[in-house]
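I opened the model to look at a metal site and its surroundings. My entries follow in the order of looking.

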Amino acid sequence: MWGFIIFTITVYIHTDPSVTVFRKFLQIRTDHPNPDYEGSTTFLLEKAKEYGIEAEVYRGTGSPIVIMKIEGQDPTLPCVCLNSHVDVVPAVVDCWKVDPFSAFKDEKGDIYSRGTQDMKCVAIQFLEVARLIKQRAEKPKRNLILTFVPDEEIGGTGKGMELFVEHERFRQLNIGLCIDEGLASPNDTFTVFYGERAPWWVHVTAVGNVGHGSRFIEGTAVEKLMRTVNKMLQFRDDQFNILHKGHSECGKKLGDVTTLNLTVLKAGLPENGGNAYNYNVIPAQAEAGFDIRIPPTVNLQEFLEQIKAWTAEEGLSFTFANYTDRNEMTHLNQDNKWWSCFQDSCKQIGITIVPEIFPAATDSRFIRNKGIPAFGFSPINNTPILLHDHNEFLNEKTFIKGIDIYMNIIPNLLNL
Ligand SMILES: [Zn+2]
């Protein structure tokens, strides 16, 4: 008799249906450059049907966006939206110990696949939360909306969220709060992101005097460029010191400082269009490109003036390969009822959350720039941060526990 009970429990643990859904979703090849969005759409629609959740496919941006809805008691109230991107970054197959699209589960319950952390876990956790809320006898007060969007991994700029927020269909959703992905936490705590750094890619071009490499030519393009590069790298040093050498009580995180990296450097006159260079010719032009990430606490207009000052010398100019003039954050004060509710819900289940600025970029920035509060929260702790890395994995118990954590937060937000 006891043996039978234990056996039954074991089988149950190993076949938790939500884990099976998660693994099937991981096996759909939504990796760039050719993500199978039709495959993921079909899968999500089938699940919605099975769970009795209303669903539609919006194609106004040019790629399918799946929208699910559970109507609340008062559909006129601003809703809670759970947003996930369905695409994943490519995987270098040779660097993985298993096929990165097999969703292989080892004996410890670790599931290996591209997207286990970023962010197919959260997408399916949201779906399972919707299923559980749908099963409840009482409707929540507000509408629950789930959106599954494409192209986040190519910057959200293609047919994804950046475009969707400009559409009437998005406005009609009447979103009061959005919850989107966060990051895994390697320790006991959980991180909640309330803002992101604005990515600016700056391309500086210098033009100057030319001549023979044996002479002291003045005002060359390279000299001018180097002066600017040095000023910008000095700024980088200063920011590095704020992050690493400040007082420990300041507790600065990567998301709190501006990072600046010289990622493009170009000069020299190619010889007959080949790979060799004319070493004895001073080139007329030199170029440098920078990846700069600016926290929402920095005034972007003032930072633009700073770049103008760095490139003020005659013969210098700059363009943006990527630019935004808005970078809103969600304010975490007592006036923010969503935040109070989120915090209280976490306190009740005894989990510690640490608010932070996201060091990179997610779709949340487009939502916040529309004036809608957004939290980035992936309920993953005690797990190494492996997004975009080889052998990305998530333990099935952490995945299941995440559904439970969301179920202790999201219904409270819906009933606010
Ligand atoms: Zn992501």
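Which residues is His-388 in contact with, leaving aside its neighbours within four places in sequence? I found Val-89, Arg-114, Asp-118 and Glu-153, where contact means heavy atoms within 4.5 Å.

Ground rules, noted early. This is a predicted model, in which local features need pLDDT of at least 70 and side-chain atom pairs count only at pLDDT 80 or more, while totals for chains, interfaces and linings use all residues. Residues are numbered from 1 along each chain as its sequence is written, and side-chain values use heavy atoms, with hydrogens and water left out.

**His-388.** I placed His-388 in the loop between strand E16 (374-376) and strand E17 (393-395); helices (H or I, at least four residues) and strands (E, at least two) are DSSP runs numbered from the N terminus. Its relative accessible area is 41%, so His-388 is partly exposed (buried is under 20%, exposed over 50%, partly exposed in between, with a 1.4 Å probe and protein chains only). The side chains of His-388 and Asp-118 are joined by a polar contact of 2.9 Å. A polar contact is a pair of N or O atoms within 3.5 Å; within protein, one must be able to donate a hydrogen and the other to accept it, and residues adjacent in sequence count only if both atoms are side-chain atoms.

**Zinc.** I then listed the donors of the zinc ion: His-85 (NE2), Asp-118 (OD) and Glu-181 (OE), with Glu-181 (OE) entered twice, at 1.8 to 2.5 Å. Donors are N, O and S atoms within 2.8 Å of the metal (3.2 Å for Na, K and Ca); water is not among the atoms, so sites may look incomplete. The 4 donor atoms subtend angles of 56 to 146°, and the arrangement is therefore irregular. Four donors would count as tetrahedral if all angles lay between 85 and 135 degrees; four count as square planar and six as octahedral if opposite donors are over 155 degrees apart and all others between 65 and 115, and anything else is irregular. The donor residues are spaced H-x32-D-x62-E in sequence. His-85 lies in strand E3 (residues 79-85) and Asp-118 in the loop between strand E5 (110-112) and helix H4 (120-135), 33 residues apart.

**Asp-118.** Is Asp-118 buried or exposed? I read 4% relative accessibility, so Asp-118 counts as buried; His-85, at 1%, is buried as well. The side chain of Asp-118 makes a polar contact of 3.1 Å with the side chain of His-85. Not counting residues up to four places away in sequence, Asp-118 also touches other residues, including Val-88, Leu-387 and Glu-392. The peptide bond from Asp-118 to Met-119 is cis, with omega near -20°.

**Record.** I checked UniProt: the unreviewed entry has a "binding site" annotation covering Asp-118, Glu-153 and His-388. These residues span 271 residues in sequence, yet no two of their C-alpha atoms are more than 9.9 Å apart, so they gather at one spot.

**Backbone.** Most residues other than glycine have a negative phi, and most peptide bonds are trans. I noted a cis peptide bond between His-32 and Pro-33, with omega about 15°. Asp-151, not a glycine, has a positive phi of about 65° and is buried at 6% relative accessible area. Asn-391 is not a glycine either and has a positive phi of about 55°; I found Asn-391 in the loop between E16 and E17.

Technical notes: UniProt positions are given in the numbering used here, feature names are shortened, and annotations may be inferred rather than shown by experiment.
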